[in-house]
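Hi everyone, thanks for making time this morning. I'd like to walk you through one model, so please take a look at it before I start.

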Amino acid sequence: QVQLVESGGGLVQAGGSLRLSCTASGRTFASYAMGWFRQAPGNEREFLAAISWTSTQKHYGDSVKGRFTISRDSAKNTVYLQMNSLKPEDTAVYYCAADPSNTVVVPRTWSTPPEIDSWGQGTQVTVSS
């Protein structure tokens, strides 16, 4: 099945930026929608952003729309999440996800709570005051 590896997390001051990367392997020949979720301690996993295989379709969660931007390089099987104007409440573990069954973004899959079967291990993002 699809294996996902995130990178780019870390510690950043409020107002700063980070770019997360997620690379898929194991089924790199496949085309599918990909995206990002996050989860803070005691909270459910929250949908952030999703992108279709062609990159023509993008969907964002309300809490990050206008601040975060999702993109992908399909040739490299890599999806990115550019995070700007970070706030302390953005502190969470960020998870990459894939939907091998669809090339397009299906709303019920990319939702809170999620209906996702393929997850990365997560990368910690901490935003300080």
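**A buried arginine and its partners**

Let me begin at arginine 38, which is buried, with a relative accessible area of 7%. Please keep in mind throughout that this is a predicted model.

What does arginine 38 pair with? One partner is glutamate 46, in a salt bridge whose closest N and O atoms are 2.9 Å apart. Glutamate 46 counts as partly exposed, at 24% relative accessibility. That value sits between the limits of 20% for buried and 50% for exposed.

Arginine 38 also meets aspartate 90 in a salt bridge, at 2.8 Å from N to O. This pair links distant parts of the chain: arginine 38 belongs to strand β4, residues 33–39, while aspartate 90 is in the loop between β8 (78–83) and β9 (92–99), 52 residues apart. Both aspartate 90 and arginine 38 are buried, and for aspartate 90 the relative accessible area is just 1%.

Now stay with aspartate 90 for a moment. Its side chain meets that of arginine 67 in another salt bridge, with an N to O distance of 2.2 Å. Arginine 67 lies in the loop between β6 (58–60) and β7 (68–73), and aspartate 90 in the one between β8 and β9, so this pair ties together parts that are 23 residues apart in sequence. Arginine 67 counts as buried too, at 13% relative accessibility.

As a general reminder, side chains of opposite charge can pair when their charged atoms come close.

How many salt bridges does the structure hold? There are 3. Arg38, Glu46, Arg67 and Asp90 are linked by salt bridges in a network. If you'd like to trace that network on your screen, start at glutamate 46, step to arginine 38, go on to aspartate 90, and finish at arginine 67.

**Stepping back to the whole chain**

Let's zoom out. How many helices and how many strands does the protein have? The count is 0 helices and 11 strands, so from the N terminus on you simply read β eleven times over. The radius of gyration is 13 Å, close to the 14 Å from the globule rule for 129 residues, so the protein is as compact as a globular protein of that length. The C-alpha trace spans about 40 × 25 × 25 Å along its principal axes.

Of the 129 residues, 45% count as buried. Looking at contacts with a separation of 6 or more, 62% of them come from residues 24 or more positions apart. The protein exposes about 6,300 Å², and carbon and sulfur atoms supply 46% of that area. As for charge, there are 11 positive and 10 negative side chains, with the centres of the two sets 6 Å apart.

**Two serines late in the chain**

Next, a pair of serines for you to click on. Serine 118 is found in strand β10, residues 118–119, and is buried with a relative accessible area of 4%. Which residues does serine 118 touch, leaving out those up to four places away in sequence? They are Gln1, Val2, Leu4, Cys96, Ala97, Ala98 and Pro100.

Serine 128 has its place in strand β11, residues 123–128. At 28% relative accessibility, serine 128 counts as partly exposed. Beyond its neighbours within four places in sequence, serine 128 is in contact with Leu11, Val12, Gln13, Ala14 and Pro88. And here we come back to aspartate 90: the C-alpha atoms of serine 128 and aspartate 90 are separated by 9.7 Å, with their positions 38 residues apart along the chain.

**Some backbone details**

Before I finish, a few spots for anyone who enjoys backbone geometry. Where is the cis peptide bond that I'd like you to see? It joins threonine 112 and proline 113, with omega at about -5 degrees. Proline 113 is found in the loop between β9 and β10.

Then there are serines with positive phi. Serine 55 has a phi of about 70 degrees although it is not a glycine. You'll find serine 55 in the loop between β5 (46–51) and β6, partly exposed at 26% relative accessibility. Serine 85, also not a glycine, has a positive phi of about 50 degrees. Serine 85 lies in the loop between β8 and β9, which is where aspartate 90 is found as well. Serine 85 counts as partly exposed, at 41% relative accessibility.

That's my tour, and I'm happy to take questions.

Terms used: Residues are numbered from 1 along each chain as its sequence is written. This is a predicted model: local features need pLDDT of at least 70, side-chain atom pairs count only at pLDDT 80 or more; totals for chains, interfaces and linings use all residues. Side-chain values use heavy atoms; hydrogens and water are left out. A salt bridge is a side-chain nitrogen of Lys or Arg within 4 Å of a carboxyl oxygen of Asp or Glu. Buried means under 20% relative accessible area, exposed over 50%, partly exposed in between (1.4 Å probe, protein chains only). Helices (H or I, at least four residues) and strands (E, at least two) are DSSP runs, numbered from the N terminus. The radius of gyration is taken over C-alpha atoms; the globule rule is 2.2 Å times the number of residues to the power 0.38. Contact means heavy atoms within 4.5 Å. Accessible areas come from the Shrake-Rupley method with a 1.4 Å probe; for residues, only the protein chains shown count as cover. Lys and Arg count as positive and Asp and Glu as negative; His and the chain ends are not counted. The place of a charge is taken as NZ of Lys, CZ of Arg, CG of Asp or CD of Glu.
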